[in-house]
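Biologist: I'm new to this one, so could you walk me through a few spots in it?
Modeller: Sure, let's put it up and go one question at a time.

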Amino acid sequence: MAAKKKEKVILAYSGGLDTTAIIPWLKETYGYDVVCVCADCGQGNELDGLEERAKASGASKLYIEDITDDFCDNYVVPCVQAHAVYENKYLLGTSMARPAIAKRLVEIARKEGATAICHGATGKGNDQIRFELAFKALAPDVRVIAPWRDPNWKLQSREDEEEYCKKHGINLPFSHSNSYSRDRNLWHLSHEGLELEDPSKEPNYKHMLVLGVTPQEAPDKETDITMTFEKGVPKTVNGKKMKVSDIIRTLNELGAKNGVGIIDIVENRVVGMKSRGVYETPGGTILYEAHQQLEELILDRDTYALKQEMGNKLAQIVYEGKWFTPLREAVQAFIESTQQYVTGEVHFKLYKGNIIKAGTTSPYSLYNQDIASFTTGDMYDHTDASGFINLFGLSLKVRALKMQEVDEKSKKSKKTAVKKK
């Protein structure tokens with residue numbers, strides 16, 4: 001009699017301590033055939049040795065899926081166009097990547113005939129929400145396993161995980177005893193843990209930074225950059241046409257050496273707690289700023305104001321893991337409609353953490369020198385402002401007159417009352 005075929009589980013595999021320990025745990029606890037999927041979003045040398053580690057840990061197969069261009073074109077670009085920034089600082093580096101990764105996990109799960117998908121996100125963070133909302137939207141029939149919330153998961157610390165791996169003959173090429181918790185992709189690198197867990201302490205940037213240097217350590221020299229956009233999508237850097245992912249790589253290099261894009265923030269997680277992190281987003285910071293410099297020339301006042309609201313809304317949607325929702329589609333459709341004429345050239349300089357404007361042009365610019373100039377011209381008659389101000393302030397004037405009338409009546413009433421006494 002043939003042995004019963006094992007059910008397959010797809011594991012979102014980063015190669016780090018958590019997901020490495022999860023492989024033998026899934027086999028022991030649920031008897032699954034573990035298929036690992038690593039989504040390459042541009043995390044560079046973090047992929048080195050991944051296949052050997054996954055197989056040594058007991059995985060039957062490892063997929064390394066390069067989704068960098070999908071991530072940049074279909075997730076990063078809409079957020080740049082929206083100027084989506086969470087709580088005025090966070091450029092959504094981890095948040096944007098999770099739906100792209102989840103989508104590929106589901107695709108591999110269908111290909112492999114898997115009945116479950118597993119992720120290594122903890123029960124305290126945002127990623128569990130982002131992954132699982134995506135799974136609910138894309139594969140509602142597939143079981144989701146979250147070890148950190150599973151009663152069978154007994155490993156409560158990194159030390160526990162390291163000991164567990166040793167017992168299973170897994171040799172780890174890294175130690176987490178003196179390391180930050182990091183998440184990296186082409187867009188950014190985040191740091192949490194160690195001294196950052198105490199908001200009163202200054203970040204140890206010399207120990208922490210990986211991509212670049214602080215503004216203080218940046219060269220005392222300006223770096224000139226010229227970029228072009230077509231319909232809100234970046235197309236060239238310094239005259240060289242590139243795909244979006246290569247533009248981000250180029251800007252990362254230029255921004256990192258000039259100390260651009262380092263932020264230290266305390267953010268409000270979806271689960272209700274505050275967390276502190278330091279983010280390195282050199283290229284992303286430049287790209288956001290360049291796009292906004294161009295856009296402010298082109299959008300009319302009312303559209304620009306509403307787009308700011310929609311950008312904040314998209315940031316919240318993405319941060320909360322609601323990418324695969326009708327609301328995200330609707331907000332993005334509005335944003336895309338505003339980008340039809342966001343075409344032109346942006347020139348700026350990088351200097352010690354700063355992005356300094358150096359001139360912006362567009363064939364669709366609404367800036368009209370004849371109107372904006374202090375010199376009187378045919379396009380604008382100063383006296384026209386009188387009628388406009390009268391009408392624009394009419395409600396204020398009517399209210400003020402009414403309040404004067406009420407005031408006078410009140411004074412008369414008080415005088416009458418005094419006389420009667």
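Biologist: Let's begin with Arg98: which side chain does the side chain of Arg98 make a polar contact with?
Modeller: Keep in mind that this is a predicted model. Arg98 lies in helix H4. At 3.0 Å, its side chain makes a polar contact with the side chain of Asp127.

Biologist: Is Arg98 buried or exposed?
Modeller: Setting aside neighbours within four places in sequence, Arg98 is in contact with Asp127, Arg130, Phe131 and Asp183. Its relative accessible area is 10%. Buried means under 20%, so Arg98 is buried.

Biologist: Arg130 came up there. Which residues is Gly321 in contact with, leaving aside its neighbours within four places in sequence?
Modeller: Gly321 sits in the loop between helix H10 (301-319) and helix H11 (326-338). With 11% relative accessibility, Gly321 counts as buried. Outside its neighbours within four places in sequence, the residues in contact with Gly321 are Arg130 and Leu133.

Biologist: How many Å apart in space are Gly321 and Leu133, C-alpha to C-alpha?
Modeller: Along the sequence, 188 residues separate Gly321 and Leu133. In space, their C-alpha to C-alpha distance is 6.3 Å.

Biologist: What about Glu132: buried or exposed?
Modeller: Glu132 is found in helix H5 (residues 127-138). Leaving out neighbours within four places in sequence, it is in contact with His119, Val144, Ala146 and Arg149. Its relative accessibility is 13%, so Glu132 counts as buried.

Biologist: Now the pair H8 and H9. How are these two helices oriented to each other, parallel or perpendicular?
Modeller: Two packed helices are described by the angle between their axes and the distance between the axes. Helix H8 (residues 244-257) and helix H9 (residues 282-298) pack at an angle of about 105°, with axes 7 Å apart. That angle makes H8, relative to H9, roughly perpendicular.

Biologist: And how many charged residues does the contact of H8 with H9 have?
Modeller: H8 brings Ile248, Leu251, Asn252, Gly255 and Ala256 to the contact, and H9 brings Pro282, Gly283, Gly284, Ile286 and Leu287. By class, 6 are nonpolar and 4 polar. As for charged residues, there are none: the contact has no charged residues.

Biologist: Just before H8 there's a lysine I'd like to place. Which side chain is in polar contact with the side chain of Lys243?
Modeller: Lys243 is in the loop between strand E10 (240-241) and H8. At 44% relative accessibility, Lys243 counts as partly exposed. Its side chain makes a polar contact, at 3.0 Å, with the side chain of Asp69.

Biologist: Let's turn to helix H6. Where around the axis are the buried residues of H6?
Modeller: The buried residues of helix H6 (residues 158-167) are Glu161, Glu162, Tyr164 and Cys165. They cover an arc of only 160° around the axis, so they are on the same side of H6.

Biologist: What is one element that covers the buried residues of H6?
Modeller: On the other side of H6, Glu159, Lys166 and Lys167 are exposed. As for the buried residues, what covers them includes helix H1 (17-30).

Biologist: Next, Gln43: buried or exposed?
Modeller: Gln43 lies in the loop between strand E2 (33-40) and helix H2 (50-56). Beyond its neighbours within four places in sequence, Gln43 is in contact with Cys38, Arg184 and Asn185. Its relative accessible area is 9%, so Gln43 is buried.

Biologist: Which residue has its backbone nitrogen 2.6 Å from a polar atom of the side chain of Gln43?
Modeller: Here a side chain is paired with a backbone atom. A polar atom of the Gln43 side chain lies 2.6 Å from the backbone nitrogen of Cys41.

Biologist: Last stop, the loops. Is Asn88 buried or exposed?
Modeller: Asn88 is in the loop between helix H3 (68-82) and helix H4 (93-112). It has a positive phi of about 65° although it is not a glycine. With 71% relative accessibility, Asn88 counts as exposed.

Biologist: And what is the phi of Lys352 near?
Modeller: Lys352 is in the loop between strand E13 (344-351) and strand E14 (354-361). Its relative accessible area is 24%, so Lys352 is partly exposed. Phi is positive in this residue other than glycine, with a value near 45°.

Technical notes:
Residues numbered from 1 in each chain as written. Predicted model: local features only at pLDDT ≥ 70, side-chain atom pairs only at ≥ 80, totals over all residues. Heavy atoms only, no water. Helix = DSSP H or I, 4+ residues; strand = E, 2+ residues; numbered from the N terminus. Buried < 20%, exposed > 50% of the residue type's maximum accessible area, 1.4 Å probe, protein only. Polar contact = N/O pair within 3.5 Å; in protein donor to acceptor, adjacent residues only side chain to side chain. Contact = heavy atoms within 4.5 Å. Axes fitted to C-alpha atoms, helices over the stretch in contact; angles between N-to-C directions. Parallel < 35°, antiparallel > 145°, perpendicular 65-115°, else oblique. Nonpolar A, V, L, I, M, F, W, Y, C, P; charged D, E, K, R; others polar. Arc of directions from axis to C-beta.
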